[in-house]
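The following exercises are meant to be worked with the sequence and the model side by side. Try each task before reading its solution, and keep the cut-offs in view as they are introduced.

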Amino acid sequence: MRTAATDIPRPVSPWPVHAAPQAEPSDAELISASLSRSDEFAAVFDRHADEIHAYVGRRLGPEHADDVTAETFLLAFRKRHRYDPARPDARPWLYGIASRLISGHRRSEMRRLKAFARVANRGGEPYEEERTTERASAAAMRPALAVALSRLSAAERELLLLIAWADLTYEEAAEALDIPIGTVRSRLHRIRAKLRRHLNLPEEGTP
């Protein structure tokens, strides 16, 4: 007679058995859960609020960072039922909301850029050419870069800074701005050309 596998006694291990650590839920899972348990959304805030706050502060200055960050997450909470559960990472979605709110403070951003740019007229430190334009740091912004950024269109500046300061990929930037990936690539090509002209950098391929 065959013995069922479940009837075979198992040797007892002398070592304690520890349960495998459970993976943290994705942003999409937390957002889905928050539809019935709203407090679950607090974890999304805890994960991303500091990053969004830092980005807004770079764009608009610390005087606007608290309010715009709070409004970003308030809008995200109100619109969470529209979130695409196929996207596990909510960062692009949150940056998209923040970007639209930042656009309402365009005058503040331009004043901030012009304040940096005025340093150039006082013999400020030149922009470090060895830095790539897409990885320019806000904390190390040079006056010449501020001038160049102020001369970009709002859409161009938005895309560039989402990649340079928020460190989004092209695909994530496309998601944040709700534009095709092809538009991201072509727009960035034009932006690079403009920045090279403004910063007096050599054209691509020029020795």
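**Exercise 1. Decide how accessible Asp89 is, and then identify the residue with which Asp89 forms a salt bridge.**

Step 1. Asp89 has a relative accessibility of 27% and therefore counts as partly exposed, where buried means under 20% relative accessible area, exposed means over 50%, and partly exposed lies in between, with a 1.4 Å probe and protein chains only. This is a predicted model, in which local features need pLDDT of at least 70 and side-chain atom pairs count only at pLDDT 80 or more, while totals for chains, interfaces and linings use all residues. Residues are numbered from 1 along each chain as its sequence is written, and side-chain values use heavy atoms, with hydrogens and water left out.

Step 2. The partner is Arg91, whose closest nitrogen lies 3.9 Å from the closest oxygen of Asp89; the criterion for a salt bridge is a side-chain nitrogen of Lys or Arg within 4 Å of a carboxyl oxygen of Asp or Glu. Arg91 itself counts as buried, because its relative accessibility is 15%.

**Exercise 2. Find the salt bridge between Glu51 and Arg91, and state which helices it connects.**

Step 1. The side chains of Glu51 and Arg91 meet with an N to O distance of 2.8 Å. Glu51 belongs to helix 2 (residues 41-60) and Arg91 to helix 4, so this pair ties together parts that are 40 residues apart in sequence. Helices here are DSSP runs of H or I of at least four residues, strands are runs of E of at least two, and both are numbered from the N terminus.

Step 2. Glu51 is partly exposed, at a relative accessible area of 29%.

**Exercise 3. Examine the salt bridge between Glu109 and Arg157, then ask which residues salt bridges join into one network.**

Step 1. In this pair the closest N and O atoms are 3.5 Å apart. It links distant parts of the chain, with Glu109 in helix 5 (residues 106-120) and Arg157 in helix 7 (residues 154-164), 48 residues apart. Both Glu109 and Arg157 are buried.

Step 2. The network consists of Glu51, Asp89, Arg91 and Glu172, joined by salt bridges that share partners. By the rule used here, the count comes to 13 salt bridges.

Step 3. Turn to the surroundings of Arg157. Nine of the 11 residues of helix 7 are buried, so helix 7 is largely enclosed by the rest of the structure; among them are Glu156, Arg157, Glu158 and Leu159.

**Exercise 4. Which residues outside their sequence neighbourhood do His48 and Ala49 touch?**

Step 1. His48 is found in helix 2 and is buried, with a relative accessible area of 8%. Leaving aside neighbours within four places in sequence, His48 is in contact (heavy atoms within 4.5 Å) with Asp27, Phe73, Asp89, Arg91 and Leu94.

Step 2. Ala49 also lies in helix 2 and counts as buried at 9% relative accessibility. With neighbours within four places again left aside, Ala49 is in contact with Thr69 and Phe73. Between the C-alpha atoms of Ala49 and Ala70, which are 21 residues apart in sequence, the distance is 8.5 Å.

**Exercise 5. Place Pro88 in the chain, and decide whether Pro88 is buried or exposed.**

Step 1. Pro88 sits in the loop between helix 3 (62-78) and helix 4 (91-103). Its relative accessibility is 51%, and Pro88 therefore counts as exposed.

Step 2. Not counting residues up to four places away in sequence, Pro88 touches Ser26, Asp27, Ala28 and Tyr83. Pro88 and Leu30, 58 residues apart in sequence, have C-alpha atoms 9.5 Å apart.

**Exercise 6. Describe how helix 8 and helix 9 pack, and what kinds of residue meet there.**

Step 1. Helix 8 (residues 170-177) and helix 9 (residues 181-198) pack at an angle of about 105 degrees, with their axes 9 Å apart. Helix 8 is thus roughly perpendicular to helix 9. Axes are lines fitted to C-alpha atoms, for helices over the stretch in contact, and angles run from 0 to 180 degrees between N-to-C directions; under 35 degrees counts as roughly parallel, over 145 as roughly antiparallel, 65 to 115 as roughly perpendicular, and the rest as oblique.

Step 2. From helix 8, Tyr170, Glu171 and Ala174 meet Ile181, Val184, Arg185, Leu188 and Arg192 of helix 9. These residues divide into five nonpolar, no polar and three charged, where Ala, Val, Leu, Ile, Met, Phe, Trp, Tyr, Cys and Pro count as nonpolar, Asp, Glu, Lys and Arg as charged, and the others, Gly among them, as polar.
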